[in-house]
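Student: I have a new structure to look at and would like some help reading it. Could we go through it together, feature by feature?

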Amino acid sequence: MKTKHQTPLKPSVTARRNVIIKRITFLLVAVAFVAIILACTTAASGRADEEAAPIYVEEIPPGYRDWRLISVAHEEGNLNDIRAILGNDIAIEAYRDGKLPFPDGAIIARLAWSYVPSEENNKVFGRPQSFVAGPPTNGVQFMIKDSKKYASTGGWGFGHFNDGKPAGEAVLKTCFACHQAGTFRDLVFTGYTP
Ligand code: HEC
């Protein structure tokens, strides 16, 4: 009796177990599939965010004070300064060869000093006519060309330093917005002065 009673039960228990195992396997595969898809989309969107977010120059390029002169300018209004625009070797070569857009590695620096009358020079001239560079003002600015790193801001990284300290994002956000108007020379306003 015992064996007779047990024997017919066995196959149905095994069949049910098989069904349960199949369902669990299906669930696990489905969960793994969804997890993989989620991981891929988050990674992709993370990368897209990184590309779109502007990156700024946060370190002063070494040796910039020894670079060669591109030109000078005088700004009035609130700036009231006299400025020199310098370029590293790659920038200077590109200017002289008339090469546009600027190649990766080109760096342009903008230095500025307050625009002040020179009493000493005026004495020599015998009348007020001489203006010179006073103390540094309006910070030091840089544009670094790296078409991949700074792809979201026209291939240029913008940097502004007051007393060696980088300006905050609020200031740096304004750079590209305005320099975009300089499409005639790859976003650089200053022309080379022979
Ligand atoms: C309202 C427009 C405007 C804004 C904002 C602006 N610039 Fe400029 N920038 C100019 C103009 C115009 C010149 C050329 C005349 C001059 O030197 O003043 C210039 C010159 C420069 C130069 C020299 C190369 C060139 O393009 O002539 C650098 C480097 C520079 N700016 C960097 C910056 C940085 C960094 C910022 C942001 C902190 C910035 N600029 C914000 C208009 C702007």
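**Strands, shell and core**

Tutor: Let's begin with one pair of residues: Tyr115 has Ala133, in strand 4, as its bridge partner. Helices (H or I, at least four residues) and strands (E, at least two) are DSSP runs, numbered from the N terminus. Keep in mind that this is a predicted model, where local features need pLDDT of at least 70, side-chain atom pairs count only at pLDDT 80 or more, and totals for chains, interfaces and linings use all residues. Residues are numbered from 1 along each chain as its sequence is written.

Student: How many bridges pair strand 3 with strand 4?

Tutor: Two strands pair if DSSP finds at least two bridges between them. Strand 3 and strand 4 (residues 131-136) have 4 bridges and are antiparallel. Strand 3 is also joined to strand 5 (residues 140-145) by 4 bridges, again antiparallel, and there Arg110 has Gln141 as its partner. With strand 2 (residues 81-87), strand 3 (residues 107-117) forms 7 antiparallel bridges; Leu86 is partnered with Ala109.

Student: Which residues come nearest to the ligand?

Tutor: A residue is near a molecule if its C-beta atom, placed from the backbone, lies within 6 Å of it. Of the 21 residues around the ligand, the nearest are Gln141, Cys175, Cys178, Phe189 and Thr190. Helix 4 (169-179) gives the most to this shell, with 6 residues.

Student: Is Thr190 buried or exposed?

Tutor: We count the other C-beta atoms within 10 Å of a residue's own, all placed from the backbone: 20 or more means buried, 12 or fewer exposed, and in between partly exposed. Thr190 is partly exposed because it has 17. Thr190 lies in the segment after helix 4. Two residues are in contact if their C-beta atoms, placed from the backbone, lie within 7 Å; leaving out residues up to four places away in sequence, Thr190 touches Ile70, Ser71 and Ile85. Ile70 is 120 residues from Thr190 along the chain, yet their C-alpha atoms are 7.7 Å apart.

Student: What should I know about a nonpolar core?

Tutor: In soluble globular proteins, nonpolar side chains tend to be buried together. A nonpolar core is a set of buried Ala, Val, Leu, Ile, Met, Phe, Trp, Tyr and Cys residues joined through C-beta atoms within 7 Å. The largest one here has 26 residues, and Met143 and Phe158 are among those with the most contacts inside it. Strand 3 gives the most to this core, with 5 residues. Beyond its neighbours within four places in sequence, Met143 contacts Ile108, Trp156, Phe158 and Val188.
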